[in-house]
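Welcome, and please open the structure in your viewer. We will walk from stop to stop, selecting a few residues each time and looking at what surrounds them.

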Amino acid sequence: MAGHQHSHDHGHGHGHQHVHTNNKKTLLLSFLIITIYMIVEAVGGLVTNSLALLSDAGHMLSDSIALGIALLAFTLGQKAVSSTKTYGYRRFEILAAALNGLTLIGIALYIFYEAMMRLSHPPEIATTGMLIISSIGLLVNILVAWIMMRGGDTEHNLNMRGAYLHVISDMLGSVGAVAAALLMIFFGWGWADIAASVIVAALVLRSGYLVTRSSLHVLMEGTPHNIDLGQTVQTIREMEGVQDVHDVHLWSITSSLHALTAHIVVDGGNTVAETESLLSEIEHRLAHLDIQHVTLQVESAQHKHAKSVLCSLRGAMPHGHAAHSH
């Protein structure tokens, strides 16, 4: 028995599809609201000459792009698998999240640069217009954040979380713009606009870094953050009939789909039916650890194998064969 593949789908498939549909609807509504107000805020920033407003509008533009890409990612993610893409387009979701993160970092750096330029040549700012536009912007961001929290999976889905973080940091940016407008109106502090934009930039930079780091971790086939490899191996080892486990690989295909491959050593005298029953029970237990796609290679104690739990690939051999430590 060279391998056994299983997808634990008892009731999970329908639930996942329901969450997926909710995420799409939530993103579409959020995208429309953000895009419309982004245009309003950009025009307002130009009219009032406020960097805080313009930076907030720039951030809203990134929100709009982020939500659009995230929406496209969910749509592409539903495309069927093919002989050239055996996992379909699910990984596009992670690429979208990575692009969102890099966009945020770029916007943050531009705001820092623009703030430094304005320190030496502070412009005249129409504070009342700035206050009105930023206050409406704050309400729009609160509404969109509420819609996303209520209707989407912002906790576990990396793509959805990336878009949500855009909106949250933008909401904080609107708070900064409102505060800056009030400080300029009541105290005449012209530097408040620059200070608010720098604070926004710092928040944007942090969000961008976190989303990019999480995305790169998935793209590098890193172990999912919510799954403990040691506990996973222990769960397999504790199964009656399993003598050893080695060559374990655990990674995320996308933020809501985790996969595992491993070699397990069993009694060579077992029948095929007994071994299949053991594999089925292992897969069932791993599904409760949030590992949905499991492929196990079965070996007997007589089969030469590595003692290490982790696989050690030493690169390609001259004729294209991988050097595998067994």
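## First stop: Asp247

Asp247 counts as buried because its relative accessibility is 3%. Select Asp247 and you will find yourself in strand 2, which covers residues 242–254. Keep in mind along the way that this is a predicted model. Now look at the backbone: phi of Asp247 is near 50°, a positive value in a residue other than glycine.

Glu221 is the next selection, and it too has a positive phi, of about 60°, although it is not a glycine. You will find Glu221 in the loop between helix 6 and helix 7. Is Glu221 buried or partly exposed? With a relative accessible area of 41%, Glu221 is partly exposed.

## Helix 7 and helix 8

From that loop, move on to helix 7, residues 229–237, and show helix 8 with it. Helix 8 runs over residues 272–287. Its 16 residues reach 22 Å from the first C-alpha to the last, close to the 22 Å expected at 1.5 Å a residue.

How do the two helices pack? Their axes are 10 Å apart and the angle is about 150°. That makes helix 7 roughly antiparallel to helix 8. The crossing of helix 7 past helix 8 is right-handed. To see the contact itself, select Thr232, Thr235 and Ile236 on helix 7, then Ile282, Arg285 and Leu286 on helix 8.

Stay on helix 8 and colour its buried residues: Thr275, Leu278, Leu279, Ile282, Glu283, Leu286 and Ala287. As a general guide to such patterns, an α-helix has 3.6 residues a turn, so residues three or four places apart point the same way.

## Helix 3 and helix 6

Next, show helix 3, residues 92–120, together with helix 6, residues 191–219. These two pack at an angle of about 155°, with axes 7 Å apart. Helix 3 is therefore roughly antiparallel to helix 6. Here helix 3 passes helix 6 in a left-handed crossing.

Two residues of helix 3 are worth selecting in turn. Ile111 sits in this helix and counts as buried, at 3% relative accessibility. Leaving aside neighbours within four places in sequence, Ile111 is in contact with Ser55, Ser197 and Ala201. Try drawing a distance from Ile111 to Gly58: the C-alpha atoms are 9.0 Å apart, while 53 residues separate the two in sequence.

The other residue is Leu119, also in helix 3. Leu119 is exposed, with a relative accessible area of 53%. Draw a second distance, from Leu119 to Gly190, and the C-alpha atoms are separated by 10.0 Å, with these positions 71 residues apart along the chain.

## Into the nonpolar core

Which residues have the most contacts inside the largest nonpolar core? Select Leu27, Met60, Leu67, Met130, Val144, Met148 and Ala163 to see them; the core has 28 residues. The elements that give two or more residues to this core are helix 1 (12–48), helix 2 (51–77), helix 4, helix 5 (158–187) and helix 6. Helix 5 gives the most, with eight residues. A second, separate core has 21 residues, and Ile236, Ile264, Leu279 and Leu289 are among them.

Back in the largest core, pick Leu67. Not counting residues up to four places away in sequence, Leu67 touches Leu27, Ser30, Phe31, Ile34, Met148 and Ala163.

Then select Met130, which is found in helix 4, residues 127–151. Met130 is buried, with a relative accessible area of 0%. Beyond neighbours within four places in sequence, the contacts of Met130 are Thr48, Ser50, Ala52, Leu53, Ile125, Ala177, Ala180, Ala181, Met184 and Asp193. One of these, Leu53, is 77 residues from Met130 in sequence, yet the two are 6.9 Å apart in space, C-alpha to C-alpha.

## Last stop: Ser174

Finish on helix 5, where Ser174 is found. Why does Ser174 count as buried? Its relative accessible area is 0%, and buried means under 20%. With neighbours within four places in sequence set aside, Ser174 is in contact with Asp56, Ser134, Gly137, Leu138 and Asn141. Show those side chains around Ser174, and take your time looking around.

Definitions and conventions. Residues are numbered from 1 along each chain as its sequence is written. This is a predicted model: local features need pLDDT of at least 70, side-chain atom pairs count only at pLDDT 80 or more; totals for chains, interfaces and linings use all residues. Side-chain values use heavy atoms; hydrogens and water are left out. Helices (H or I, at least four residues) and strands (E, at least two) are DSSP runs, numbered from the N terminus. The expected span of a helix is 1.5 Å times one less than its number of residues. Buried means under 20% relative accessible area, exposed over 50%, partly exposed in between (1.4 Å probe, protein chains only). Contact means heavy atoms within 4.5 Å. A nonpolar core is a set of buried Ala, Val, Leu, Ile, Met, Phe, Trp, Tyr and Cys residues joined through side-chain atoms within 4.5 Å. Axes are lines fitted to C-alpha atoms, for helices over the stretch in contact, and angles run from 0 to 180 degrees between N-to-C directions. Angles under 35 degrees count as roughly parallel, over 145 as roughly antiparallel, 65 to 115 as roughly perpendicular and the rest as oblique. A crossing is left-handed if the near helix is turned anticlockwise from the far one by less than a right angle, and right-handed if clockwise.
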